[in-house]
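Me: Please take me through one part of this structure slowly, from its middle to its edges, and then set that part in the context of the whole. I am a first-year student, so careful steps would help.

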Amino acid sequence: MAFAVESEPFNYRSLIEPDSFRLILLEHSSSHTADLRCTLLHTTLSQCNRDIIDHYTALSYVWGDLTQNCSIYVDGHRFTITATLEAALRDLRDPSRVLRIWADALCIDQSNLAERSSQVGLMAQIYSTAHHTVIHLGSLTKCYEIILQAAPSNTTGVVSRPSTTGDLENLAANDLLRLPWFSRVWIFQELVLSRDPWVQCGNLRARWTDLCNLLVEPGAGSYQKGRPRELQVLADMNYARGLNQKMIVHLTARRGLGATDPRDFIFAHMFLAADTDTLVHYVKVDYTKSCAEVFEDAARFLLEEVGPEGPVKFFPDASKDQPSKIEGLASWAPDWSLSSSGLVSMYCENLTRRLQLNPKYHYTFISRPLVLAYVGYQVDVVGDLSFVLPNPSEMNIAARERYQKAADELETLYGAGAWWSGDETGQHRHVSLRGKEARHEELCLSLADKWLQVMGNDFLRSQEDAEVDEVETHKRFLPQLRNWLEGRAKEGRIMVGSGSEGMESLMWLYLRIGDYPAVLTGRRLAITKSGNVGIVPKRARVGDMIVFLAGSYVSVVLRPDPEDPTEDLKHEIKTAFEAKKDVQDDPRRGARLPCDMEYLPIKKCILVGECYAECEVGWKYGEGQADNYTVYALR
């Protein structure tokens, strides 16, 4: 059959109705290599939802390398598509029937930002309305064939399984589940919302549910020790199909996954979230907005709507252990395109008698670019720093064993006869050192030596590529750490074991033998200007401030901006806090500071991350910090 080929480029017709979208009517061919040809059908989701005869299939695939171009003829016009889409359409094409398909790259005018924004807003409905979704993973290999043919629903009609389930799991974990599709952002929405997803390689496909039943236990989404990471990801994805989770859960669970456009990390999860109805008041699918604006709008939503914990839940995700590639992104806005730092939650002192503050009374968002103006007070300044502390498993095992031996000797000295007492800061263990003071100090000094051996020569040898300034501050830090350790030894503190507290406990938990998560891993030790020891983020610098923000018992490191706030910024902050005076108090969610926040001094800063400084407990009753209250204008 001869086809007329138009030399003019294809032009999309506008979508008229709010739920309008396009479907590909893929022409049939018995030849796999024949040119791809189709027409685009304009329809609406409501029409498709009512249609009981002509259904459509949604396609889920990875765009792949955008420089590898192929083509399809759309209404006679040659149209460029990616190689991955071309392969999927060839494998789906029927030899005798027209196939109705939805595929984003072709059904959405990607050059029209307004249309792209509105269509992305409909994608949740597009996938949930489709009678089937085909997840096209690429060409068929022998490995993929073995896995797919083990599923009862595979399209050959013949089920063939390896001798053991373990063989199938190993094949999947080492090959199929490492394909790019499993690490891309958009696919999660496409999977979770699909009625009947199928997995296809080449021209062979099988139902998603059958594959999951073969490879992971049905409903098993929780972490299982020893399970390969790839199978854990599959289990989590399958388990999520039956859950209704909030936006912050989706973002934290899937941060760092691939997206051609980083804005899609927000847009791809918006309509899955249990709190979508609130989220859309803060974030709109709008590709005319910069990536920084989208991420900041999402951050504002999370801070204001994440719940009564407020910054306690929000700020850990804002810490960036590596520089963000998103131009102009505020320091307080998480960059979800970066992988999780994997840090253990920051430690804070246990104190029952604190001011229970409602964070919402004490911060406000100002202008564009968004400034987060937050009330708090400074308690200390970061002095000299150690190198970043590695995972203990990467350290010299002999040095850790020497430390463990010294720690065991101390625990033996503490022995039996310990007792506990309680006060406003919680329960505390005590031991009697009467007659053993000299021995205790001797063992504590030995323990300090072991710490300094690790922090000294071992660390310096492992940091050959460190910047000169970083090496110098570490060298200045070491003698100050020795002085601190010697002082603790003379005070008769419990330095190791389950009865130790604060920095002593954190240091013991870090170096002891065993595979335990440690707060110190991935962070730095610091000597503060007041002579205390603290734990600070990887990117902290000498001169950074240690601050408690209202409503959070975990302190944060802020870096002062050398520029003073402008008069316009001061006026906006004052006006915003004046407006908050009219917000009715809700004692169930916490109190409001008894001060005129609109008249507090203002400092421009950036957020570096959470920290802990010994001896500093935030928002204690009767602490008398009112004269130090400041509005920190965070950008």
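Reply: A residue is called buried when its relative accessible area is under 20%, exposed when that value is over 50%, and partly exposed in between. Please keep in mind that what is shown here is a predicted model. The part I have chosen is strand β7, together with the sheet around it.

Strand β7 covers residues 132–138, and because six of these seven residues are buried, the strand is largely enclosed by the rest of the structure. On one side, strand β3 (residues 57–60) is joined to β7 by four bridges, and the two strands run parallel. On the other side, five bridges connect β7 with strand β8 (residues 197–201), and this pairing is parallel as well. In general, strands of a sheet pair through backbone hydrogen bonds, in either a parallel or an antiparallel manner. You can follow the pairing residue by residue if you begin at Val134, which is the bridge partner of Leu59 and also stands opposite Trp198 in β8. Further along, His136 faces Gln200 of β8 in the same way, standing opposite that residue.

Now step back to the sheet to which these strands belong. Nine strands form an open sheet with mixed pairing, and their order is β5-β4-β2-β1-β6-β3-β7-β8-β9. At the edges stand β5 (77–82) and β9 (204–207), and since each has a single partner strand, one side of each is left without a neighbour in the sheet. From one strand to the next, the twist averages 40°.

Helices pack against this sheet. Helix α2 (residues 83–92) touches β1, β3, β4, β5, β6, β7, β8 and β9, and its direction makes about 110° with that of β5. Helix α8 (residues 208–215) lies across β7, β8 and β9, and it runs at about 75° to β9.

Two cysteines are worth a pause here. A disulfide is a covalent bond between the sulfur atoms of two cysteines. Cys212 is buried, with a relative accessible area of 1%, but its sulfur is 14 Å from the closest cysteine sulfur, that of Cys201, which is too far for a bond. Cys70, by contrast, counts as partly exposed, at 22% relative accessibility. The sulfur of Cys70 also lies 14 Å from the closest cysteine sulfur, in Cys38, again too far for a bond. To count as a disulfide, the two sulfur atoms would have to be within 2.5 Å of each other, and a search of the whole structure finds zero disulfides.

For comparison, look at strand β16 (residues 545–549), where five of the five residues are buried, so that this strand too is largely enclosed by the rest of the structure. In a regular strand the side chains alternate between the two faces of the sheet. In β16 both faces are covered, with Met545, Val547 and Leu549 buried on one side and Ile546 and Phe548 buried on the other. Unlike the parallel pairings of β7, strand β11 (residues 371–385) is joined to β16 by five bridges and runs antiparallel to it, with Val381 standing opposite Met545. Strand β17 (residues 555–560) is also antiparallel to β16, through three bridges, and here Val547 has Val556 as its bridge partner. The two strands β16 and β17 form a hairpin with five residues between them, and Gly551 in that turn has a positive phi of about 95°.

Aromatic side chains offer another way to read the structure, since the count comes to 18 aromatic pairs. One of them joins Trp181 and Phe182 edge-to-face, at 5.0 Å centre to centre and with 85° between the planes, and both of these residues are buried. Another, between Trp619 and Tyr629, is tilted, with centres 5.8 Å apart and planes at 40°. Both Trp619 and Tyr629 lie in the loop between β18 (602–613) and β19 (630–634), so the pair ties together parts that are ten residues apart in sequence.

Finally, the whole protein has 19 helices and 19 strands, and of its 635 residues, 52% are buried. Among contacts between residues at least 6 apart in sequence, 74% join residues at least 24 apart.

Conventions: Residues numbered from 1 in each chain as written. Predicted model: local features only at pLDDT ≥ 70, side-chain atom pairs only at ≥ 80, totals over all residues. Heavy atoms only, no water. Buried < 20%, exposed > 50% of the residue type's maximum accessible area, 1.4 Å probe, protein only. Pairing = 2+ DSSP bridges. Phe/Tyr/Trp six-rings, centres within 6.5 Å; stacked < 30°, edge-to-face > 60°. Axes fitted to C-alpha atoms, helices over the stretch in contact; angles between N-to-C directions. Contact = heavy atoms within 4.5 Å.
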